[in-house]
Amino acid sequence: MLHDSQHVPKPSLVEILFGWFLRLVSIACFWFALEYWAMLIGFSHGGAGRFDLLPPQWRAAATALAVVYPVAAIGLWLLVSWGPVVWVVAAAIEIAMYESYPGILGARPFLLLLHGSVAVTFVLFRAVLYFQRLRQARKVRVDSP
């Protein structure tokens, strides 16, 4: 009996590793979201990080990140195209807040290094996938003599 569906190619090792990488970043985003929510409701920092006790800079940044990080985590976990875009927005907000106001918000160089390394790894994965698909498209040409 013939199958009605088309043949779906198996994902390459790079595609599988890229999916695992995105899901690992998703778990980290979810952890960051939990940290910001715990701070805003007074669960962490001994209750000193409650929303009503925060300075205005922290209120704006922490509220935005508490909303954006879970959305990024869901998008990355589902491997949809908007997931990395939302992560870039969250990372840009966090980098901007720690670089612009280090006296008020503190300095977290490890976090900035983490965001940078995730971005570089993402770009490298995308480049390898692009060249892999380009090579595959050259190999499978119907108009070749």
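So, helices here are DSSP runs of H or I with at least four residues, numbered from the N terminus, and the expected span of one is 1.5 Å times one less than its number of residues. With that in hand, take α5: 31 residues, reaching 45 Å from its first C-alpha to its last, close to the 45 Å expected at 1.5 Å a residue.

Quick housekeeping. This is a predicted model, where local features need pLDDT of at least 70 and side-chain atom pairs count only at pLDDT 80 or more, while totals for chains, interfaces and linings use all residues. Residues are numbered from 1 along each chain as its sequence is written, and side-chain values use heavy atoms, with hydrogens and water left out.

Back to α5. Its buried residues (buried is under 20% relative accessible area, exposed is over 50%, partly exposed in between, with a 1.4 Å probe and protein chains only) are L111, L112, H115, V118, F125, L129 and Q132. They pack against α1, α2 and α3, where contact is heavy atoms within 4.5 Å.

I'd like to pause on Q132. Helix α5 covers residues 109-139, and Q132 sits in it. Its relative accessible area is 19%, so it counts as buried. What does Q132 touch, leaving aside neighbours within four places in sequence? S12 and V14.

Next, α2. This one has 22 residues and spans 32 Å from first C-alpha to last, close to the 32 Å expected at 1.5 Å a residue. Its buried residues include W58, L65, Y69 and L76, and the buried set packs against α1, α3 (82-100), α4 (102-105) and α5.

How do α1 and α2 meet? The axes of α1 (residues 13-40) and α2 (residues 56-77) come within 8 Å and cross at roughly 150°; axes are lines fitted to C-alpha atoms over the stretch in contact, with angles from 0 to 180 degrees between N-to-C directions. So α1 is roughly antiparallel to α2, a label for angles over 145 degrees (under 35 is roughly parallel, 65 to 115 roughly perpendicular, the rest oblique). The residues of that contact divide into 21 nonpolar, two polar and one charged. Nonpolar here is Ala, Val, Leu, Ile, Met, Phe, Trp, Tyr, Cys and Pro; charged is Asp, Glu, Lys and Arg; the others, Gly among them, are polar.

Last thing: L79, in the loop between α2 and α3. Its phi is near 60°, positive in a residue other than glycine. Most residues other than glycine have a negative phi. At 40% relative accessibility, L79 is partly exposed.

Methods: Helices (H or I, at least four residues) and strands (E, at least two) are DSSP runs, numbered from the N terminus.
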